[in-house]
Amino acid sequence: MKYLFTLLFCAVGFSSVKAQSSLPDFLNQAYNNSPLINDNKNQLVNSQAEVERIKAMTTKLQLSLNAYYLFAPVYITDAGHKGFNFNPSSATNYYGYDIGTTNGGSMQGMVTATQPLFASKRADILAEQARVGAQINTNMINLTRHDLEKTVTDQYILCLLDKKQISNASENMKIIDQQRVIVKKLVNASLLKNSDLILLNIEYENNQNVLLTYQAAYHRDLLELRIMSGSRDTATVTLDTVSLHLKDSPQQSAYLEKFRLDSLNLVASQKAFETKYQPQLSAFGNTGLNGTHFNTLYDRFGLSAGLNLSWAILDGHQREITRKKTALQQQTIAFSKNNAQIQNDLRKKQVLDELNSYDGRLQNQQKQLGEYQSLLNSYRTQVIQAQLSVIDFINVLKNRTTAQRDLLQLETNRNLLINAYNYWNW
């Protein structure tokens, strides 16, 4: 039983640290580790909290405690009453503040309640700006995810190119090694020269260096992919293949959402500014202590209530000025939106035009590679039969390797173009 629990623990631990090997793995990790996405998620929560704060500030009952004490002593020079008086009620001749303005002192301690009236509409207008801000944060999260999808996918495609180059180099070394075994037997039988075996050994070493170069490139590009996704893993893994296809065009580009939200934000800001021109009515009441003399302080507990109205009438035409500014900013957004739409359409057309040229090139390259493969098989047989030199075999192998490399580059560039089209076609 003890060993069973140990095995289960190891299995769970292994599954939890399983290295990423597919494109969705790297994309999900990039989304989770993106500081920009995390920041906008936090700002989204803040925007939602700001809506509640504005509603509480403009519509809810406010209670406050206020305490106040004024100490204003005077020096009296009246006959029979000379000296300091710390809480004077009356005096004719004295030095100090005028008793009529200070009452000789003042003591207050009151609880005040204020309730805005008919303020729900104003609260909604003020909170609208925070709501639009939340939508802007959500849109920024979507844009960041989309950017990460483009850059991580591009890097993943480059890693797959390195992986296929490693596979081709390994295959070439296997072919050369098989040929070396046969040629060595023929050399021992004096059917081929020893120089033929040396040429194959040199070619084997060259391909070994090529393999090491591709392995180093794969290691480097894989680390870069992990940097992009924020992964701490450093293990060498075999990546899964991907199949990219052109996405259908959306009814409306998601890139234009930014301009719509910017326009809404301007409108919300203008409406929030104009709430200062609406009449604001509130009821208030207080209760507590309010007195001026210590000897009558116990009789000075009371209460009061009232209404407060504030209404901005004239402020130098600031409302008209801000409306003009907002209108100009709206024009700027509309111009930028139109320009972005044109550029987006041209970028998609540019990518599609380039993609169309790849279909024919890929077919020709695949055909050429097939012919090189047939020729290489024929040459291998002829070398064994001592009907062809090893140099001719090596030249055909090199030409086949070049054709393989060109085909892989074409396939990689095609996938990069598809990814670019899908990026703009969003």
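Select Asn-286 and then Ser-304, which stands opposite Asn-286 in strand E7; helices (H or I, at least four residues) and strands (E, at least two) are DSSP runs, numbered from the N terminus. This is a predicted model, in which local features need pLDDT of at least 70 and side-chain atom pairs count only at pLDDT 80 or more, while totals for chains, interfaces and linings use all residues. Residues are numbered from 1 along each chain as its sequence is written, and side-chain values use heavy atoms, with hydrogens and water left out.

Widen the selection to E6 and E7, which run antiparallel and are joined by 10 bridges; two strands are said to pair if DSSP finds at least two bridges between them. Next add strand E5 (residues 105-117), which pairs with strand E6 (residues 280-291) in the antiparallel sense over 11 bridges. Along this pairing, Pro-116 stands opposite Ser-282 in E6, and Ala-113 has Gly-285 of E6 as its bridge partner. With E1 added, the 4 strands form an open sheet in the order E1-E5-E6-E7, with antiparallel pairing. Strand E1 (62-71) and strand E7 (301-310) are the edge strands, each pairing on one side only. Neighbouring strands of this sheet are turned by 20° against each other on average, direction ignored.

Move now to the other sheet, an open one of 3 strands in the order E3-E2-E4, again with antiparallel pairing. Its edges are strand E3 (83-85) and strand E4 (94-95), each of which pairs on one side only. Strand E2 (residues 74-76) is joined to E3 by 3 bridges, and here Val-74 can be found opposite Asn-85 in E3.

For the helices, display helix H5 (residues 120-188) together with helix H7 (residues 257-274), whose axes come within 8 Å and cross at roughly 165°. Axes are lines fitted to C-alpha atoms, for helices over the stretch in contact, and angles run from 0 to 180 degrees between N-to-C directions. H5 and H7 are therefore roughly antiparallel to each other, the term used for angles over 145 degrees. To see the contact, in which heavy atoms lie within 4.5 Å, select residues of H5 including Ile-125, Val-132 and Asn-139, and residues of H7 including Glu-257, Leu-264 and Ala-272. Colouring by class shows 8 nonpolar, 5 polar and 5 charged residues in the contact of H5 with H7; Ala, Val, Leu, Ile, Met, Phe, Trp, Tyr, Cys and Pro count as nonpolar, Asp, Glu, Lys and Arg as charged, and the others, Gly among them, as polar.

Then select helix H2 (residues 23-33), whose buried residues are Leu-23, Phe-26, Leu-27, Gln-29, Ala-30 and Tyr-31. Buried means under 20% relative accessible area, exposed over 50%, and partly exposed in between (1.4 Å probe, protein chains only). Showing helix H3 (35-59), H5 and helix H6 (194-229) brings up part of what covers these buried residues of H2.

Within helix H3, pick Glu-50, which counts as partly exposed at 29% relative accessibility. A distance drawn from the C-alpha atom of Glu-50 to that of Phe-118, 68 residues apart along the chain, comes to 21 Å.

End at Gln-404 in helix H9 (residues 390-424). Gln-404 is buried, with a relative accessible area of 7%, and, not counting residues up to four places away in sequence, Gln-404 touches Asn-168, Glu-171, Asn-172 and Leu-369.

Methods:
Angles under 35 degrees count as roughly parallel, over 145 as roughly antiparallel, 65 to 115 as roughly perpendicular and the rest as oblique.
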